[in-house]
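Let's take a friendly walk through a protein model, one part at a time. Have a look at the picture before reading on.

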Amino acid sequence: MVFETILLIVLPYGTAIVCGAITERAGKVVSGWSSIAGLALGIYFFSLSMQLLGTG
């Protein structure tokens, strides 16, 4: 249960922060949209990890 909670927090927000930081030099607009895309990617990674943990 604790591991799932950590995954729920770290994967979406971590990828959003990393994607925003990578594109920070491109400007605020690009960095913002990249952060949103990173959040969506993190949610996707979370759902994949829950599928793997559920079937494994």
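## The helix H1

Start with helix H1, which has 21 residues and reaches 29 Å from its first C-alpha to its last, close to the 30 Å expected at 1.5 Å a residue. Keep in mind that you are looking at a predicted model.

Which residues of H1 are buried? They are Leu7, Pro12, Thr15, Ala16 and Gly20. These buried residues of H1 pack against H2.

## The whole chain

Now step back to the full chain. It has 2 helices and 0 strands. Its radius of gyration is 13 Å, well over the 10 Å that the globule rule gives for 56 residues, so the chain is more spread out than a compact globule. Along the principal axes, the C-alpha atoms fill a box of roughly 40 × 15 × 10 Å.

How much of the chain counts as buried? Of its 56 residues, 21% do. There is also something to learn from the contacts: among those with a separation of 6 or more, 62% are accounted for by residues 24 or more positions apart.

## A nonpolar patch on the surface

Next, turn to the outside. The chain exposes about 4,300 Å², and carbon and sulfur atoms supply 76% of that area. On this surface you can find a nonpolar patch of about 880 Å², made by Val2, Ile6, Leu8, Ile9, Val10, Tyr13, Ile17, Leu39 and Ile43.

Which helices supply the patch? Helix H1 (2-22) and helix H2 (28-55) each supply at least two residues. H1 gives the most, with 7 residues. One of the patch residues is Ile6, which lies in helix H1. Ile6 has a relative accessible area of 46%. That value falls between the 20% limit for buried and the 50% limit for exposed, so Ile6 is described as partly exposed.

## A closer look at Ser34

For contrast, visit a residue in the other helix. Ser34 has its place in helix H2. Is Ser34 buried or exposed? Its relative accessible area is 16%, and buried means under 20%, so Ser34 is buried.

What does Ser34 touch? Leaving out residues up to four places away in sequence, Ser34 touches Cys19, Gly20 and Thr23. You have met one of these already: Gly20 is among the buried residues of H1.

Conventions:
Residues are numbered from 1 along each chain as its sequence is written. This is a predicted model: local features need pLDDT of at least 70, side-chain atom pairs count only at pLDDT 80 or more; totals for chains, interfaces and linings use all residues. Side-chain values use heavy atoms; hydrogens and water are left out. Helices (H or I, at least four residues) and strands (E, at least two) are DSSP runs, numbered from the N terminus. The radius of gyration is taken over C-alpha atoms; the globule rule is 2.2 Å times the number of residues to the power 0.38. Buried means under 20% relative accessible area, exposed over 50%, partly exposed in between (1.4 Å probe, protein chains only). Contact means heavy atoms within 4.5 Å. Accessible areas come from the Shrake-Rupley method with a 1.4 Å probe; for residues, only the protein chains shown count as cover. Patches are made of residues with over 30% relative accessible area and no salt bridge: like charges are joined within 9 Å, nonpolar side chains (Val, Leu, Ile, Met, Phe, Trp, Tyr) within 5 Å. A salt bridge is a side-chain nitrogen of Lys or Arg within 4 Å of a carboxyl oxygen of Asp or Glu. The expected span of a helix is 1.5 Å times one less than its number of residues.
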